[in-house]
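Please explain how the helices and strands of this structure are arranged and which residues make the contacts between them.

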Amino acid sequence: MIGKITIGKSFKGCLLYCLNDKLQDPKKEQVMKDRAEILLFNQCYGNQKELIQQFNEVRQLNPKLSKPVLHITLSLAPGEELPKEKLIEMCQDCATDMGFENNQFVAIHHKDTGHQHLHIVANRIGFDKRTVSDSNNFQKIASYCRRMELKFNLTKVLSPRKFLPKEQRQIPRQDERKEKLKNSIQRTLQEVSNYQQFEQVMKALGYRVLKARGISFIDDKKVKIKGSEVGFSLMKIEKILALKQNPANIYKHENIQQDEFQKQERNTDKISPSLPQQIGLKKQNQSPVIDLQKKVTDLIFPLIEPEKIADQLSPELLKKEERKKGRDLITNIISKIKNESDGRS
């Protein structure tokens, strides 16, 4: 389960968004009817106009607070579904965990997506004029979500690393979204031979490609991921494509002499196109054409492996590694100075 929490200024804007039907296709003017179902009222009641008025009246108890709106979105994993009474219980638990159980709030179930998700709109200002604190909100909502996953047997999601216990922060994490992008880039680089083709194939896979000083990809959920985050920086992508366009560059890259490549090219030109079919699979009789193609393939494919990303490891491990490198460097310098001193004496 994923929880999102925001603080805002306008009860009207938030409540109208949560309670109104949704325009699905502006061109066809299709409206999704019965999109919102109110699950729970707390210290308030009525239609959207009455709710807005009630929330704003209590807001006046603390007019100095510019952002009294607490808006929480709770999303279950695709395929998971809880009955109405469980959803209500989940909303009540959320109010208790976040500290607004005695304040005005309304819980709404939305039916406009393929997965169950809830909206809770709460007034941070209580009838006692006290304000619900917004400090550590992200940590609180993450802890709440983990508790709900256990309580209702939902799909478990890892909290942000900084909210995990110390012993769990060192466990490398796998991001399915990034893994999917990494595999898509890797497959595409095997298929295409220039950047234009690469961008076309990535767009066909559902990604928007942003190329500037670096390269980024935006998926169908509008999540932006840098190429460098999945081991494929713009420099690496361009390097692979350049090597595929001109095999001579592969030999340069591998420190193979240019005259050797030209020699193989001359031998290749003398070979009849039908000759590879006439030659058996024995290695000693293999055509220079096949040999050249094999070398190109053998050299290109290791390059298509993504670079190792340092931030896949926990910050604690990285800091330890940096400190170790620093200690080793100092030790080597001291040892070198000592050896030089011993040599002079």
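The paragraphs below go through the sheets, the helices packed on them, the helix pairs and the salt bridges.

The model is predicted. One open sheet has 5 strands in the order 1-5-7-6-4, and the pairing is antiparallel. At its edges are strand 1 (residues 2-8) and strand 4 (residues 36-42), each of which pairs on one side only. From one strand to the next the twist averages 15°. Strand 1 is joined to strand 5 (residues 69-75) by 7 bridges in the antiparallel sense. Within this pair, T6 stands opposite H71 of strand 5.

Helix 1 (residues 11-19) packs on this sheet, where it touches strand 4, strand 5, strand 6 (residues 105-110) and strand 7 (residues 117-123). The direction of helix 1 makes about 155° with that of strand 7. Helix 4 (residues 137-151) lies across strand 1 and strand 5. Relative to strand 1, helix 4 runs at about 150°.

The next step is to look at how helices pack on one another. Two packed helices are described by the angle between their axes and by the distance between those axes. For helix 1 and helix 2 (residues 48-59), the angle is about 150° and the axes are 10 Å apart. Angles over 145 degrees count as roughly antiparallel, and helix 1 and helix 2 are therefore roughly antiparallel to each other. Their crossing is right-handed. Helix 1 contributes F11, K12, L15, L16 and L19 to the contact, while helix 2 contributes Q48, L51, I52, F55, N56 and R59. By class, the contact of helix 1 with helix 2 has 7 nonpolar, 2 polar and 2 charged residues.

Helix 4 also has a helix partner, helix 3 (residues 84-98). Helix 3 and helix 4 pack at an angle of about 145°, and their axes are 10 Å apart. The crossing of helix 3 past helix 4 is right-handed. On the helix 3 side the contact is made by E89, M90, C91, D93, C94, D97 and M98. On the helix 4 side it is made by N137, K140, I141, Y144, R147, M148 and K151. The residues of the contact of helix 3 with helix 4 comprise 7 nonpolar, 1 polar and 6 charged.

Further along the chain, helix 6 (residues 176-191) packs with helix 7 (residues 195-204) at an angle of about 140°, with their axes 10 Å apart. Helix 6 and helix 7 are therefore oblique to each other. Helix 6 passes helix 7 in a right-handed crossing. From helix 6, the contact takes in L181, S184, I185, T188, L189 and E191; from helix 7, it takes in F198, V201 and M202. The residues of the contact of helix 6 with helix 7 are 6 nonpolar, 2 polar and 1 charged.

There is also an open sheet of 3 strands, with the order 8-9-10 and antiparallel pairing. Strand 8 (residues 208-211) and strand 10 (residues 224-226) are the edge strands, each pairing on one side only. The twist in this sheet averages 25° from one strand to the next. Strand 8 and strand 9 (residues 215-218) pair in the antiparallel sense over 4 bridges. In this pair, V209 stands opposite F217 of strand 9.

The last topic is charge pairing. Side chains of opposite charge can pair when their charged atoms come close. How many salt bridges does a search of the whole structure find? The search finds 13. One salt bridge is formed by D134 with R124, where the closest N and O atoms are 3.9 Å apart. Both D134 and R124 lie in the loop between strand 7 and helix 4, so the pair ties together parts that are 10 residues apart in sequence.

Technical notes. Residues numbered from 1 in each chain as written. Predicted model: local features only at pLDDT ≥ 70, side-chain atom pairs only at ≥ 80, totals over all residues. Heavy atoms only, no water. Axes fitted to C-alpha atoms, helices over the stretch in contact; angles between N-to-C directions. Helix = DSSP H or I, 4+ residues; strand = E, 2+ residues; numbered from the N terminus. Parallel < 35°, antiparallel > 145°, perpendicular 65-115°, else oblique. Left-handed = near helix turned anticlockwise from the far one by under 90°. Contact = heavy atoms within 4.5 Å. Nonpolar A, V, L, I, M, F, W, Y, C, P; charged D, E, K, R; others polar. Pairing = 2+ DSSP bridges. Salt bridge = Lys/Arg side-chain N within 4 Å of Asp/Glu carboxyl O.
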